[in-house]
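Trainee: Could you take me through one part of this protein in close detail? I would like to look at the salt bridges and then see how that part sits in the rest of the chain.

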Amino acid sequence: MKAEIHRIKNSSYIITEKQWKCVEIHLKDTIKKKGFRAIILLPKLAYDSFEQKYFAHKNKHDLDYKTCVAIGIVAWTAWTALDEIRDEKKFEHDSLAIFSTLRPMVDEMIHSLRLNKKLKNKLIGKIGMMECANSKMCSTTIRSPYILKSAAASVPLLALMMKMQVELKHIRLCQKYFYHFIGARQLSDDALDWPEDMKKGQHTLVTLWLEQAIGKGRSVREYRKAFDTTVSPRVARKILRHSRLSISHARKMTCFTSTEFLEELPRFYETMATNILKKYSSR
């Protein structure tokens with residue numbers, strides 16, 4: 001973690017000394033979290049796993065690789081601060097300062113990669129999709145707005161793959177991989193947080209399924225029973241489908257010598273969902 005922090009702090013185009021105090025604690029907390037840490041390190045793991053043919057101009061791409069790692073760390077830190085503002089109503093100075101400090105730097109780093117205009121607009125557009133899904137302005141008619149978070153989660157790895165000039169089929173597989181991995185991950189989080197989400201009026205796929213099962217305006221106890229008997233196995237099946245599709249798309253990315261570093265993330269949710277379904281089938 002020290003090396004990652006050092007890289008960010010000493011990158012002149014990322015964080016100034018004056019800005020550092022309001023960012024450092026949140027940044028360290030983000031990197032410490034196993035799930036976030038695994039995601040922000042994907043560019044590094046991918047770089048180490050690229051097929052040799054993509055390194056014909058290795059020196060040319062070295063700085064881009066470091067920038068992609070920095071994008072991953074800075075972007076996730078900014079967006080977790082945004083989640084806190086949205087979900088926890090944390091409007092205090094630190095969360096707002098972190099987001100307002102780091103968010104513009106994501107675009108700045110993407111511009112520094114010197115991608116062609118079409119690819120650059122595609123990456124920035126994906127970030128916009130995520131921020132729309134994360135905002136209160138997001139339409140509640142969208143059945144699963146959390147899936148759009150995958151657009152932003154994929155940005156650091158997609159940026160690196162584009163700079164390494166991998167084939168378009170691998171870019172598309174990467175997008176599908178993240179779509180299903182983040183779907184499994186977020187649905188798992190929503191299955192844990194549904195009581196708080198319902199209290200806040202936060203719409204998720206889990207709260208939607210609960211209301212479909214027994215209607216709106218019921219007690220927490222009634223919703224808990226509905227979750228345990230009906231919704232939980234439905235959630236597990238959905239997580240299992242997402243995780244297996246994510247693994248399947250990862251295995252098709254032959255631009256890497258091994259895709260184990262990608263498969264490991266959704267495999268955790270595959271195992272979890274499988275165990276839940278086994279428990280219900282044994283009843």
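Mentor: Happily; here is a walk through the salt bridges, followed by the surroundings.

Please keep in mind that this is a predicted model. For orientation, the protein has 13 helices and zero strands, so the pattern along the sequence is simply α-α-α-α-α-α-α-α-α-α-α-α-α. Of its 283 residues, 51% are buried.

Let us begin with the part you asked about. The count of salt bridges comes to seven, and a good place to start is the network that links R251, E260, E263 and R267. Take E263 as the anchor for our reading. Its side chain meets that of R251 in a salt bridge, with an N to O distance of 3.1 Å. Since E263 belongs to helix α13 and R251 to helix α12, this pair ties together parts that are twelve residues apart in sequence. The two partners have opposite settings: E263 is buried, with a relative accessible area of 7%, while R251 counts as exposed because its relative accessibility is 54%, and the cut-off for exposed is over 50%.

E263 also pairs with R267, where the N to O distance of the salt bridge is 2.8 Å. Here the link stays inside one helix: R267 and E263 are four residues apart in α13, so about one helical turn separates them. That spacing makes sense in general terms, because an α-helix has 3.6 residues a turn and residues three or four places apart point the same way. R267 counts as partly exposed, at 25% relative accessibility. As for why such pairs form at all, side chains of opposite charge can pair when their charged atoms come close.

A further salt bridge joins the side chains of R244 and E270, at 3.2 Å from N to O. This pair links distant parts of the chain, with R244 in helix α12, E270 in helix α13 and their positions 26 residues apart. R244 is partly exposed, its relative accessible area being 46%. If you follow the display from R244 to E270 and then from R251 to E263, you will have seen two salt bridges that run between α12 and α13.

Now look at the loop between α12 (220-251) and α13 (260-281), where K252 lies. K252 is partly exposed, because its relative accessibility is 47%. On the surface, K252 gathers with K118, K122, R172 and K176 in a patch of positive charge. The elements that give two or more residues to this patch are α7 (117-134) and α10 (168-200).

Helix α10 is worth a second look, since H180 lies there too. H180 counts as buried, given a relative accessibility of 9% and a cut-off of under 20% for buried. Its side chain is joined to that of H242 by a polar contact of 3.0 Å.

From α10 you can step back along the chain to α9 (residues 155-163), which is mostly covered: nine of its nine residues are buried. Among them are V155, P156, L157 and L158, and the list also includes K163. The setting changes in the loop between α9 and α10, where Q165 lies. Q165 is exposed, with a relative accessible area of 58%. The backbone at Q165 deserves your attention as well: just after α9, this residue takes a positive phi of about 60°, and Q165 is a residue other than glycine.

One last stop takes us to helix α6 (residues 93-112), where S100 is found. S100 counts as partly exposed, at 48% relative accessibility. Measuring in the model from C-alpha to C-alpha, S100 and A81 are 9.6 Å apart in space, with their positions 19 residues apart in sequence.

To bring this back to your request, the thread to hold on to is E263: a buried residue whose side chain meets R251 in one salt bridge and R267 in another, within the network that also takes in E260.

Methods:
Residues numbered from 1 in each chain as written. Predicted model: local features only at pLDDT ≥ 70, side-chain atom pairs only at ≥ 80, totals over all residues. Heavy atoms only, no water. Patch = residues over 30% accessible without salt bridge, like charges linked within 9 Å, V, L, I, M, F, W, Y side chains within 5 Å. Areas by Shrake-Rupley, 256 points an atom, 1.4 Å probe, with all protein chains shown as cover. Salt bridge = Lys/Arg side-chain N within 4 Å of Asp/Glu carboxyl O. Lys, Arg positive; Asp, Glu negative; His and termini not counted. Charge placed at Lys NZ, Arg CZ, Asp CG, Glu CD. Buried < 20%, exposed > 50% of the residue type's maximum accessible area, 1.4 Å probe, protein only. Polar contact = N/O pair within 3.5 Å; in protein donor to acceptor, adjacent residues only side chain to side chain.
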